[in-house]
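Colleague: I should like to examine the charged contacts of this model and then follow them into the surrounding fold. Please begin with a single pair and build outward from there.

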Amino acid sequence: MTIQENLELVVKKLKEENISEPVLKARLLLCYILNLKKEDLVIYGDKEINSKDQEKYEKVIQKLIEGYPLQHITHHSEFMKLDFYVDENVLIPRADTEITVEEVISYCKNMKKDNIRILDLCTGSGVIAISIGNYIKNCEIVAVDISSKALEVANKNANKNKIDNITWVLSDLFDRVEGKFDIIVSNPPYIKKEVIVTLEKEVQREPIIALDGGEDGLKFYREIIKKAPNYIEKDGVIFLEIGYDQKQEVLNIIRETKQYKEVISKKDLGGNDRMIMAKC
């Protein structure tokens, strides 16, 4: 069977299975199996696929139908124009998170300091820490996660992107963190426990530990906001990614502590509230 014939057959099958973006996913998975660029699929559309690759393609398509995320099959995800390895041990990077990273980078560029100390809590695959480390050279980053497997992925991604200014720490939030920082940034788990079972099956295959924000989705915000002042330098700031409907609740938590000032929020490209910054 040729490349074009495979694509037509698979797209039809994915549509029947109600898989979103069937054309894109069929093409990306075939590129992954054949080690080709997307444009090559058109150029070599009449080329026959050998039986070994045909079998591999059919297997990955079946995994997609079974609910495995595309990125966990290809072990590839792009974020902030960088390439990241992902697997079942980490949350797949979302474009929504880029607004938080962009705000941190912008803030760092305006700081008059030779060495900026940054703490990344719940680092997961390391995309936030690594992206900041890539674009801000005069920084020292400590990146924390409770999962040793996630930290293995994060360290792999740092090596992949040649970033060497990050220290990885296995810790439950601040438990094993030492010193003070100019910036604390976090994209913590923020999905309500009862909502997780209603999410798309692809999302449910991501690590629950990276999704579950407790009964009301605010468990980690409470702890981070309460303890962060103990780890922040004078006039230091925290950047928190939030769920689209959590702005007011997180703002209330911040105000209740009476330890923050200059609190602002930012929307993502979809117009949803996505990030809160607060100065200590």
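Which residue forms a salt bridge with K227, and how far apart are the closest N and O atoms?

Modeller: The partner is E223, and the closest N and O atoms of the two residues lie 2.9 Å apart. The coordinates come from a predicted model, which should be kept in mind throughout. Both residues belong to helix α10 (residues 219-227), and because they are 4 residues apart there, about one helical turn separates them. Neither end of the pair needs to be described as buried or fully exposed: K227 is partly exposed at a relative accessible area of 28%, and E223 is partly exposed as well, with 25%.

This pair belongs to a set of 15 salt bridges in the structure. Another member joins D235 to K234, with the closest N and O atoms at 3.6 Å, a distance that falls within the 4 Å cut-off for a salt bridge. In this case K234 is exposed, with a relative accessibility of 72%, whereas D235 is partly exposed at 35%.

A third salt bridge leads into the sheet. The side chains of K267 and D273 come together at 3.1 Å from N to O. K267 is partly exposed at 48%, but D273 has a relative accessible area of 15% and is therefore buried. Elsewhere, D96, D268 and R274 are joined into one network through salt bridges with shared partners.

The K267 and D273 pair can also be placed in the strand pairing. K267 stands opposite D273 in β9. Strand β8 and strand β9 (residues 273-279) run antiparallel and are joined by 5 bridges. Strand pairing of this kind is made through backbone hydrogen bonds, in either the parallel or the antiparallel sense. The whole sheet is open and has 7 strands, in the order β5-β4-β3-β6-β7-β9-β8, with mixed pairing. Its edges are β5 (166-170) and β8 (261-267), each of which pairs on one side only. From one strand to the next, the twist averages 15 degrees. Helix α6 (residues 98-109) packs on this sheet and touches β3, β6, β7 (232-241), β8 and β9. The direction of α6 makes about 155 degrees with that of β7.

Strand β3 (residues 116-121) deserves separate attention. It is mostly covered, as 5 of its 6 residues are buried. On one side, β3 pairs in the parallel sense with strand β4 (residues 139-145) over 6 bridges, and L119 has V142 of β4 as its bridge partner. β3 also runs parallel to strand β6 (residues 181-186), to which 4 bridges join it; here I118 is partnered by I183 of β6. In a regular strand, side chains alternate between the two faces of the sheet.

The connection between β3 and β4 passes through helix α7 (residues 127-135), and the three elements make a right-handed β-α-β unit. Helix α7 lies across β3, β4, β5 and β6, and runs at about 175 degrees to β4. One residue of α7 that can be inspected individually is N134. At 19% relative accessibility, N134 counts as buried because the limit is under 20%. Leaving aside residues up to four places away in sequence, N134 touches L82 and I163.

Finally, helix α2 (residues 22-34) offers a check on geometry. With 13 residues at 1.5 Å a residue, α2 should span 18 Å, and its end C-alpha atoms are indeed 18 Å apart, which agrees. Its buried residues are P22, K25, A26, L29, L30, C31, I33 and L34. These buried residues pack against α1 (3-16), α3 (40-43), α4 (51-65), α5 (70-74) and α9 (201-204). The helix is followed by N35, which has a positive phi near 55 degrees.

To return to the starting point, K227 and E223 are joined within one helix, α10, whereas the salt bridge of K267 and D273 links residues that stand opposite one another, with D273 in β9.

Notes. Residues numbered from 1 in each chain as written. Predicted model: local features only at pLDDT ≥ 70, side-chain atom pairs only at ≥ 80, totals over all residues. Heavy atoms only, no water. Helix = DSSP H or I, 4+ residues; strand = E, 2+ residues; numbered from the N terminus. Buried < 20%, exposed > 50% of the residue type's maximum accessible area, 1.4 Å probe, protein only. Pairing = 2+ DSSP bridges. Right-handed = clockwise from strand over helix to strand, strands pointing away. Expected span 1.5 Å × (residues − 1). Contact = heavy atoms within 4.5 Å. Axes fitted to C-alpha atoms, helices over the stretch in contact; angles between N-to-C directions.
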